[in-house]
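Q: Could we go through this structure together? Please explain the terms as they come up.

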Amino acid sequence: MNNNQIISLLPYQQPFLFVDELTMTSLEGITGHYTFKKDSYFYEGHFKNNPITPGVILTECMAQIGLVCLGIYILKDQLSEDNQPQVALTSSQVDFFLPVLPGEKVTVVSEKQVFRFNKLKCKVKMLNEKNELVCRGQISGMLHIPAKAGISIKHE
């Protein structure tokens, strides 16, 4: 599965897709990038005359790249355009260090900690273009692949 196929299987679309490209994928981790568009809807009211990217959006970007893209890659043999994953974020603990401004490109680096019983837990960090740490933490989620009609998927 290539990086564009992973992105095509994401259960998100504009304006809530926060993945531009993936540059490294393995069963142990993933790295990707996103550039926050200057005209994104969430900047309109987030700090009058001094917009910054909300922490919840940074967390979502880390979850989309670091958890969901990685989960799709791990489950690649069970997925297709007709059989896409259902995702539920179960927990996140993120510390923030620097703001991300409109138009800024970030890099998300994720390391798998545990994948068991369809629950994926990752150690994730976000870096800015100067390679400075923006935020880091742990993100966990459940990845469910619905069974196709007439087919059951046995989980052990």
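A: Certainly, beginning with aromatic rings. Rings of Phe, Tyr and Trp (its six-membered ring) pair if their centres lie within 6.5 Å; planes under 30 degrees apart count as stacked, over 60 as edge-to-face and the rest as tilted. With that rule, Phe16, Phe18, Tyr34, Phe36, Tyr41, Phe42 and Tyr43 form one aromatic cluster.

Q: Before we go on, what kind of model is this?
A: This is a predicted model, in which local features need pLDDT of at least 70 and side-chain atom pairs count only at pLDDT 80 or more, while totals for chains, interfaces and linings use all residues. Residues are numbered from 1 along each chain as its sequence is written, and side-chain values use heavy atoms, with hydrogens and water left out.

Q: How many aromatic pairs are there in the whole structure?
A: A search of the whole structure finds 8. Tyr41 and Phe42 form an edge-to-face pair, with 5.2 Å from centre to centre and 80 degrees between the planes.

Q: Are Tyr41 and Phe42 buried or exposed?
A: Buried means under 20% relative accessible area, exposed over 50%, and partly exposed in between (1.4 Å probe, protein chains only). Tyr41 is partly exposed at 40%, whereas Phe42 is buried at 9%.

Q: Turning to helix H2, what is the distance between its end C-alpha atoms?
A: Helices (H or I, at least four residues) and strands (E, at least two) are DSSP runs, numbered from the N terminus. The expected span of a helix is 1.5 Å times one less than its number of residues. For the 20 residues of H2 (residues 55–74) that gives 28 Å, and the end C-alpha atoms are 27 Å apart, which agrees.

Q: Where does H2 bend?
A: H2 bends by about 30 degrees at Ala63. The bend at a residue is the angle between axes fitted to the seven residues ending there and the seven starting there.

Q: Why is H2 described as largely enclosed?
A: The reason is that 17 of the 20 residues of H2 are buried, so the rest of the structure largely encloses this helix.

Q: Which residues touch the most other members of the largest nonpolar core?
A: A nonpolar core is a set of buried Ala, Val, Leu, Ile, Met, Phe, Trp, Tyr and Cys residues joined through side-chain atoms within 4.5 Å. The largest has 40 residues, and Leu10, Val19, Leu22, Phe36, Cys61, Met62 and Met126 touch the most other members. H2 gives the most to this core, with 12 residues.

Q: What does Met126 touch?
A: Contact means heavy atoms within 4.5 Å. Leaving aside neighbours within four places in sequence, Met126 is in contact with residues including Leu58, Cys61, Met62 and Thr107.

Q: And where is Thr107?
A: Thr107 lies in strand E4 (residues 105–116), and is buried at 17% relative accessible area. The side chains of Thr107 and His33 make a polar contact of 2.9 Å. A polar contact is a pair of N or O atoms within 3.5 Å; within protein, one must be able to donate a hydrogen and the other to accept it, and residues adjacent in sequence count only if both atoms are side-chain atoms.

Q: What about Ser110: buried or exposed?
A: Ser110, also in strand E4, is buried at 2%. A polar atom of the Ser110 side chain lies 2.8 Å from the backbone oxygen of Gly66.
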